[in-house]
Structures are given as structure tokens and as C-alpha cells.
Amino acid sequence: MSFPHRLLPLAFLTLLGCQSPKIEPAAPVALRDLSRDLFHLGVAINAEQITGDDRIGADIVATQFDSITAENAMKWQHLQPAPGRFEFALADRFVALGRREGKQVIGHTLMWHSQTPAWVFQNTDGSEVSREELLRRLREHIRTVVGRYKGQIAGWDVVNEAIRDEDGTLRTDKPWYRILGEEGIFAAFAAAHEADPEAELYYNDYSLENPAKRAGVLKLVQAIRARGLHIDGIGSQGHYLLKSPTAAEIDTSITDLASTGLKVMFTELDVTVLPRPDHYLGAEIGKVFAQAPELDPYRDGLPADRQAELARRYAEIFAVFAKHHRSITRVTVWGVTDRTSWLNGWPIRGRTDYPVLFDRAGAPKPAFESVRDTLRRARDDR
Ligand code: XIL
């Protein structure tokens, strides 16, 4: 056992059995303890963190967060890679881990234009599938997946990213919506609710701080409700940059989303410190840019001033979340350490980004400390 010098006298007294009445038990340092009265604090976990092969990552998940989302393991391409061939091994381990550690378990995602195999939209001869057949496949997938985990998943991202960034209209350029229109979304929500009536159901998307996109999402959510379908919340992904969106824009977006009476959650929070070509602010997975050395400036480490800027940015974001804690039910960080963040590979492959709360070795960053302090202040102010 080793003690910092200034604690030595205290250690002696403790050993002698003389408890000082002034000494309080150590304040909790786990983020999940500090956020307990505000909202769930979650994290997205990858295959190695599910299996425990990434021991450092798995330990961070176990100690710091009280909610988990599978970063990829529950996407269509992993659960049903070929027609009727369901592969549940990794998803089962993910759900079992959540139950073992007593965490809220989030299902991500049932209907998305990305990471869905091409066969879903094709007949065996390669021609485009009919509307009836596609609806059948969608319902069967949802019934099978949601049914398997009935009673074990707290909430599902039923539909992910169905709305265009520019004008808030439906993404009719994607096969789901070209073939099915809004009806596909309605069918997805209906099937999910039927398969697990207790699970919460969410619509999830990014760039909701952009008023045009947010209006499109709110319109879609109204249409879902007008159909008498069950929906519990709106997931705002929160893939942010250092300066965009502003805290005021995030604040306005939360107020607007919460005015529906639905739960609001931040489902995929991270903050890139890297430059974006073309002033691109969104998180469209299909958007990729060419590599260039000037777009990857921190390969050898993040300078201290940037590190501090990132910490201030996280504090500012969490201060807004804390202000709205009555509307926000969960905040999930998209990745455990900087090493495993998807932003090292998107929207440019092979870069070195620093978007989350733990560094490449798994040590807490200044951003972790600023989130911790912001949560602690918010808790103490309540
Ligand atoms: C990303 C994962 O983090 C990557 O590992 C994967 O290669 C691609 O998808 N919006 C979403 C998430 O809803 O599912 C995406 O996750 C990031 C953007």
C-alpha cells in the first residue's frame, strides 16, 4: 500500500484505529455514480469488449457506465448475414454481459440503410424485391431479433437515419424508403412493439441541431404517433465537432425534441478534434473523403491546448445535458477509448482521432475529468 505524503499522518491514525471524525468517505469517481440521479450514462462496445479480449476496455465499461449499446453486433449484417441464417452468438454474449453487470441494455438497430446486406433488397436473380416481400423480410427480421431478447432489452433504436440532412425529407434514395416509403417505418415500429411490448422504442438520427433536419424528424415522429403506433423516445446521436454545433444549438434542439413529450437521449456522443473537408458537419456513414497529411495533424499525440479545448467542449456539452436532465433519459458515449473509436476510420480512413473520454491506453483524459466535475456539480446543485 502506498500513500501520498500528505496523507501519511492520516494513514497512521487509521492504522492505530483513531478515525478522524472529519474524514468523509471518498467521493465517488465513477461517472455512472455521479450521473445516477440525472440520466443513464452509457457506452457503445465492440466485439473485443463484449468478449473481454480487450480487458482494459471491458473494465472501463464495467466500472464507469450503467448502460451499453452494441456498436455493431446487433446490426442486420451481423444478425442475419444471409436469408434466414441468423447468427446470434455475439449478440447473445452482449446481452448476457449487460445482465451479468446489471446494466441497461440498448438494441441498435433494426432498420438502417447501412450495414444491411444487399440480399435484403434483391430477389435470387438479382432483380429488386417487391414491396410485399421486403415488408415480409423486415417484419420477420424484427420479430425474430426482438422476440429473442424479449424482456432483456430496455430500448431499441427501431429506425436509424431515415431523414435527409439537407431538407428533412425521407431518404427515398435508399432502398428501404424508395420501395416502402414511410410505411416501412410504421411496419418496423409495429413489429417491434408486437414482439416485445415492454421494450422502449426509439427513432434515432444525427444532426438534429440542424433545424431543417430536426423539423423532418419531428414530422416523421408525429406521423408515427398519428398512426397510433408505440414510440417512447428520440435518439439524438451527438457526433459533434469542437465548435459545432454550439451549446446554444444543442440546448434549443433538446427543448424542441422534449416538447413532443417523448424521452430524449444522446445515443452516440463523441467529439472529433480532426479537420473535416468541405465543412461537412454530419455523420452520414457513406460519406468518405481522400486521405491527406494535413487532415491528420495529431498522429504523434494531441497537443495540450487541444486536449484542454476538448475537455472544455465536453464540460459545455454535459452542462447542457444536465440542465435538461428531466427530459434526457440517457447519454451514451460512442466508444470506450480513443483507440477503438470509429472516428479513426471515418470520414477518412487511417487517421488518429481523440474523440472519447479514455485515451489509447485506457487512462482517463482531461475530458473525463471535466465530465466528472460537471456531473458532480450538477448532482450537488440539485
Ligand atoms: C459505426 C461503428 O462505430 C463502426 O464500427 C462501423 O464500422 C460503422 O458504424 N451512426 C450510427 C452507428 O448509428 O451505428 C455508426 O456506428 C456510426 C454512425
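Let's start with the lining of the largest pocket: its residues split into six nonpolar, five polar and four charged. Keep in mind throughout that this is a predicted model. The largest pocket has a volume of about 220 Å³, and 15 residues line it. If you want to find the middle of this pocket on screen, pick out Ser207, Glu209, Asn210, Leu281 and Gly282, since they are the lining residues nearest its centre. Which element gives the most to the lining of the largest pocket? That would be strand β7, residues 239-241, with three residues.

The second largest pocket holds about 160 Å³ of space. It too has a lining of 15 residues, and here the ones closest to the centre are Lys75, Trp112, Ile285, Trp334 and Trp342. Sorted by character, the lining of the second largest pocket comes out as five nonpolar, six polar and four charged.

Now for the ligand. There are 14 residues around it, and the closest are Glu71, Lys75, His108, Asn160 and Glu268. Lys75 is a name you have already met, as one of the residues closest to the centre of the second largest pocket. Three of the side chains are worth zooming in on. Histidine 108 has a side-chain N or O atom 2.7 Å from an oxygen atom of the ligand. Glutamate 268 also places a polar side-chain atom 2.7 Å from a ligand oxygen, while for asparagine 160 the distance from a polar side-chain atom to an oxygen of the ligand is 2.9 Å. How much of the ligand does the protein bury? Taken alone, the ligand exposes 420 Å², and the protein buries 84% of that.

Stay at histidine 108 for a moment and look at the backbone. Most peptide bonds are trans, and most residues other than glycine have a negative phi. The bond from histidine 108 to threonine 109 is cis, with omega near 0°. Threonine 109 sits in strand β3, which covers residues 104-111. You'll find another cis peptide bond between tryptophan 346 and proline 347, with omega near 0°. Proline 347 belongs to the loop between β9 (328-333) and α13.

Phi has its own oddities to check. Glutamine 115 has a phi near 55°, a positive value in a residue that isn't glycine, and it lies in the loop between β3 and α7 (131-148). Histidine 279 likewise has a positive phi, near 55°. Its place is in the loop between β8 (263-272) and α12 (304-323). Is histidine 279 buried or exposed? With a relative accessible area of 72%, histidine 279 counts as exposed, because that is over the 50% cut-off.

Finally, follow the chain into helix α13, residues 366-381. Serine 370 is found in this helix, and its relative accessible area of 13% makes it buried, because buried means under 20%. The side chain of serine 370 reaches the backbone oxygen of alanine 311 at 2.7 Å. Further along in helix α13 is arginine 379. Arginine 379 is partly exposed at 25% relative accessible area, so it falls between the 20% and 50% limits. To get a feel for distance across the model, go from arginine 379 to glutamate 183: they are 196 residues apart in sequence and 43 Å apart in space, C-alpha to C-alpha.

Key
Residues numbered from 1 in each chain as written. Predicted model: local features only at pLDDT ≥ 70, side-chain atom pairs only at ≥ 80, totals over all residues. Heavy atoms only, no water. Helix = DSSP H or I, 4+ residues; strand = E, 2+ residues; numbered from the N terminus. Buried < 20%, exposed > 50% of the residue type's maximum accessible area, 1.4 Å probe, protein only. 1 Å grid on protein atoms, 1.4 Å probe; cavity = no way out; pocket = protein on both sides within 12 Å on 5 of 7 lines; lining within 4 Å. Points joined across faces, edges and corners; volume = space filled by probe spheres on them. Nonpolar A, V, L, I, M, F, W, Y, C, P; charged D, E, K, R; others polar. Near = heavy atom within 4 Å. Polar contact = N/O pair within 3.5 Å; in protein donor to acceptor, adjacent residues only side chain to side chain. Areas by Shrake-Rupley, 256 points an atom, 1.4 Å probe, with all protein chains shown as cover.
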